[in-house]
Each structure stands twice: as C-alpha cells, then as structure tokens.
Amino acid sequence: MNLYKHVSESINKKLGATVNLEVPRNRDFGDFATNAAMVMAKSTGKNPRELAGDIAEKIAELPFIAETSVAGPGFINIKLRDDFIWDAAGAKSDTTASEIKKIDLDYGGYNVGKALHIGHLRTTIVGDTFNRIAKSLGHKTKSYNHIGDWGRPMGLIIAWILENGMPESAAELNKIYPASTARAKEDEAWLQHAKEVTAGLQAGDAKYREIYDAFMKISLAQMDEVLRRLNVLPFDATMGERGVAEYVADTQKILESKKLLVESDGAMIVNVKRDDDTAPMPPLMFRTSSDTQTYAAADLSAIYYRNKTDNPDIIGYFTDSRQNLHFNQVFRAAKLADITQAELFHTGFGALTGADGKPFKTRDGGVAELLDILDTATDAVRERVAAAGKTLPDDTIAAIALAAVKFNDLLHDVRADYIFDPNQITSFEGRTGPYILYTAVRLNSILRKADDTAAAKMGEMTTDERNLLIEILDFERTVQSAFDNRATDMIANYAYDLCQLVNTFYHNCPILRDDVDSATRTQRLHIARIARDTLTRAIDLMGLVVPDEM
C-alpha cells in the first residue's frame, strides 16, 4: 500500500478539500501532520486553532485513525490505528503505476575503441536503476546504449590500423585512439587523413568498413564484460551514431520542410534561441563544413527513429551534466520540427572526485577506467575483511565491492559531484552499500534459523516495531516519487533509513531468544519477513547482489 496516498486521499475526500500532509520528524507527535487549518483560516475567517479542532474531529471519524490532536497555532497531528498499520504492511504490495507509459531510455553511451572510463560509471548505474524503477511500476521500457561509433574517432582508429595492423585484444585496441589523437595534434597531414577516412567510412568505403567491423567486435565484447561486472540489465538495443545514420537524411528533410535548416560558413545549423532566453543559446550544428555528421544530428535523428519505431511517451537521457546545453539544443530542435510528441528529459550528473575534491585518478595519475574503480573497491573490501580476521569467498567480496560503488553513486543527488573514497565506502557501518547488504544478510539469517512460517496475529506493538512497519509502508510512495522526480537517490536513502529501523528493531526486539514467548516471536518474525522482502526489493532496484554471508 502507498500509505501516504491512501491517507491523503481519504482525508481529502472526507473534508471535501485538498489537504497537504507532512511526515513529522518526531513520530511521537503522530504519523502525519497538516497545517490545513492555518491555510484555510484566511478564506473562512475563522481562528486557525478553532478551525483545526473542527477539522481534527472530522479526520478522527475515518476508520483507520486512532486519534488526532491540535498543537501550536493550528497544526493537526494524526495517529493511525495499530491494527490498520499491521494489516496494511502484511498485504501484498503493488507498485504498478496508475498510467502505464512507453519509455525509451538512453544511457551507457560508450565509445567504440576505448576502455570504459570513470565518466561512464554514473550513466550506467543511474540509468540502469531508473530503468529498474520504471519497470517495477509497470512501464514498458526500452533501453538504448547509444555508442559513439561513427565520428572522427573512428577515422583516427582506422587510419592507425591501416598503417600498423589490426589489434588482437581490447588492451591493444584501447591504446590506438590516444596514440592517433596525439599524433593528429602534432601532424596536420595525419589529422586531415583521419578526416578523409571518417568521411569515407560514412560514405560506405568497403575497406574502411571491413576494418571497422573487425575492431567493433573487440570493443563490444569489452563493453559486455564491464556490464556483467556491474550487474546491470542487458541493453535492449546497442545502437549509436552509425545505426541512426540512415535516418539523418529523413530528419534533414523535415528540418528543411520547416525551413529550420540554414547555411552558416559552410555548415548547416538550426537556430534554437528563443526571445526569452537570458543565457547564451548557440545554434545546433547539423552538418559540419566538411559535410560530416555531427553528434547533434545523430541525437536528433535518434529521436526521429525512436518516435517512428517505438512511438514512446517519454524519452530520457542520462549523461554527464556537461552535455546539458547539447540536449537542450537537441530537444528544442525536435520540438520545433515536430519530430516527436514524447516528453523529453535529460538527467545530467555530476562528477566523481577523489578525497581531495579533484577528479579521481589512478595511482599513477592517469584517468581511471571503470574497472579500475571496481578493482580499487574490491581491494579495499579484501583488506578490510582480512583486518577483521575473516575469510570470505571471492564472489562475496565482489558483491560487497559492487554494493560499495553503486550505493555510493546512487546515494547522492545525481546532479552533484561526490567523493570516491575506497576506505569510506567499503565500511560495514554508516551510510554505505556494505551496511545495506549486512542488514539483508542478517534478516535472511534470522529467518533461516527460525524456519517458522506460522500465521502471525498482532499483539501489542512496541514503538520500534511500529516505526519499522510505517517505514515499510512508505516504499511504494518512494518508488513512485523516485520515478516522478527522476531521483534515483530516493531509493538509496530509503534503503538506508529502512536498514536503520531494521537494526534498531533487531537490537530492541529480541526474536529467537529463549525468554521470548511464541506469540511475540511469531509476530516479530512476521515483521522481519516483511522488512526483508521490502529491503530486497529496494536492493534489486539498485542492482545490488545479496551474498549468503558477510
């Protein structure tokens, strides 16, 4: 049950007015509160506190309300009945959205011929988690890995291979682009050659295409291995600039028919600036002066393709925030040309930094590859486990490291920078992924040892039991809010808050101790089971893996 929605809608119907509910920081005052009387007092001409008393009496008539009270100048505190909370928490949870949408999601965005680096971490983790959230609500999603596979980097790589031969491994392939790029900065003729190769590839040159297809296999295999280690859902489509290239002509025709495409210094642009813009808004470049396809043309043509084939209600992108301007331009051009009626959104994320606040680097000072991040966390977990005098299987170490990295990423507002500190994120205490997993492992252990599935009846509930059930009942609202606000951090923070209440419940409400009577034990096992199931759902949304032991 979405507890907040149920209570809010019931109160609104009872009062015949819209009432905004709040959750008090201190639940001793109540489960919900509202300042409705203070808001309505002006229009009714009544004293806020007196009006609050009248409203509180009406709210108290609802069958799931235990009591209401008025505080201060007119705040109304609301407490729910314990039996209502018990029954609601034990009922089957359903997060299905009231209106199902078709959603195309664009994340990943890896570059062919290059190792996945630190900048790809957040697009993968945040995009995958949002995809999972949308699916859990019943939305029909299609995930796209819009790879960089058609621009000048391809020309630089092919030119190098023509001269030096085909690489035999991903490690060898990954060295080519940096080397060719460095040479192009020193050698104008080499740069011009790469540009010509790029144009030839895009024009269909057979020899260039053969080389391209050969190193593409190596690069895609490398991507698949990283995705496996990150435990993300497989992409529904790996389709980048090359895949949408055949739709660029159709997109261009639309722009021309709308008289939106204009020539500027040999390039073709679309002016997207509005009269009310206060910040600079440069035009979108559709084709360069050398007549090659641009990133903007690819993204605009991708919208055209997706609208034509998928007809989605929503198209969402997850990339570095440095692309905010780019997507603003693309979205404006798409709407000006009436290419799609879909809602378009872009979630731009902040950077991952080291403990010093500067861009995270490898120990030798280089740009960190994505697998470097996982390896660094894995080493930190292994050292921490060894220091504690424990021995854990490699797959358990890997699961803990993965949780450390992904939870730390999801915990923060996606738009903000955050610190990657291997020692901090691998702690088994505090706001960390290992803490989340440890709590799940603890619940699983209790339920295995008890091996008791007897039907539970509600007896007198302690404050800790009640608070835990209330938090469990906030799961559905949290998932919907995370989707509505494109805020994956809401799931991570919910998981942490739930774990804190689980561990307080564990310490203050003994379950398997000999002096606990059978009725109380069965009741607490019931609560533990519901908490485990809810936490597992939150963990699944984040793409974490719960080990058998820790």
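These legends accompany close-up views of a predicted model.

**View 1. The whole protein chain, with 21 helices and 13 strands.**
The C-alpha trace spans about 80 × 65 × 40 Å along its principal axes. The protein chain has 550 residues, and 51% of them count as buried. Among contacts with a separation of 6 or more, 74% join residues 24 or more positions apart. The exposed surface of the protein chain is about 25,700 Å². Carbon and sulfur atoms supply 47% of that surface.

**View 2. Helix α1 (residues 3-15) and its cover.**
Helix α1 has 13 residues. From first C-alpha to last it reaches 18 Å, close to the 18 Å expected at 1.5 Å a residue. Its buried residues are Leu3, Val7, Ser8, Ser10, Ile11, Asn12 and Leu15. Their cover includes the strands β1 (32-34) and β3 (75-80). It also includes the helices α3 (48-59), α4 (82-90) and α18 (463-472). Gly16 follows α1, and its phi is positive, near 70°.

**View 3. Arg152 in helix α6 (residues 152-164).**
Is Arg152 buried or partly exposed? Its relative accessible area is 41%, so Arg152 counts as partly exposed. Leaving aside residues up to four places away in sequence, Arg152 touches Leu191, Lys195 and Thr198. Leu105 is 47 residues from Arg152 in sequence. In space, the C-alpha atoms of Arg152 and Leu105 are 25 Å apart.

**View 4. The packing of helices α7 (residues 170-186) and α9 (residues 206-230).**
The two helices pack at an angle of about 110°. Their axes are 10 Å apart. Angles of 65 to 115 degrees count as roughly perpendicular, and α7 and α9 are therefore roughly perpendicular to each other. On the α7 side, the contact is made by Ala170, Leu173 and Asn174. On the α9 side, Phe215, Ile218, Ser219 and Gln222 meet them. The residues of this contact divide into 4 nonpolar, 3 polar and no charged.

**View 5. Two aspartates with positive phi, Asp265 and Asp338.**
Most residues other than glycine have a negative phi. Asp265 has a positive phi of about 50°. It sits in the loop between β7 (261-264) and β8 (267-270). With a relative accessible area of 75%, Asp265 is exposed. Asp338 has a positive phi too, near 55°. Its place is the loop between α13 (324-336) and β11 (343-349). Asp338 is partly exposed, at a relative accessible area of 43%.

**View 6. Gln329 and its contacts in helix α13.**
Gln329 is buried, with a relative accessible area of 11%. What does Gln329 touch, not counting residues up to four places away in sequence? The partners are Val272, Met281, Pro282, Pro283 and Leu284. Pro283 lies 46 residues from Gln329 in sequence. The C-alpha atoms of Gln329 and Pro283 are 7.3 Å apart in space.

**View 7. Thr378 in helix α14 (residues 370-387).**
The relative accessible area of Thr378 is 14%. Buried means under 20%, so Thr378 is buried. Thr378 touches Arg229, Ile397 and Ala401, residues up to four places away in sequence not being counted. Arg229 falls within the range of α9 (residues 206-230). Ile397 and Ala401 fall within the range of α15 (residues 394-411).

**View 8. Helix α15 (residues 394-411), mostly covered.**
Helix α15 has 18 residues, and 15 of them are buried. At 1.5 Å a residue, α15 should span 26 Å. Its end C-alpha atoms are 25 Å apart, which agrees.

**View 9. Gly459 in the loop between α17 (433-450) and α18.**
Gly459 is partly exposed, with a relative accessible area of 32%. Thr353 is 106 residues away along the chain. The C-alpha atoms of Gly459 and Thr353 are separated by 50 Å.

Note on methods. Residues numbered from 1 in each chain as written. Predicted model: local features only at pLDDT ≥ 70, side-chain atom pairs only at ≥ 80, totals over all residues. Heavy atoms only, no water. Axes fitted to C-alpha atoms, helices over the stretch in contact; angles between N-to-C directions. Helix = DSSP H or I, 4+ residues; strand = E, 2+ residues; numbered from the N terminus. Parallel < 35°, antiparallel > 145°, perpendicular 65-115°, else oblique. Contact = heavy atoms within 4.5 Å. Nonpolar A, V, L, I, M, F, W, Y, C, P; charged D, E, K, R; others polar. Buried < 20%, exposed > 50% of the residue type's maximum accessible area, 1.4 Å probe, protein only. Areas by Shrake-Rupley, 256 points an atom, 1.4 Å probe, with all protein chains shown as cover. Expected span 1.5 Å × (residues − 1).
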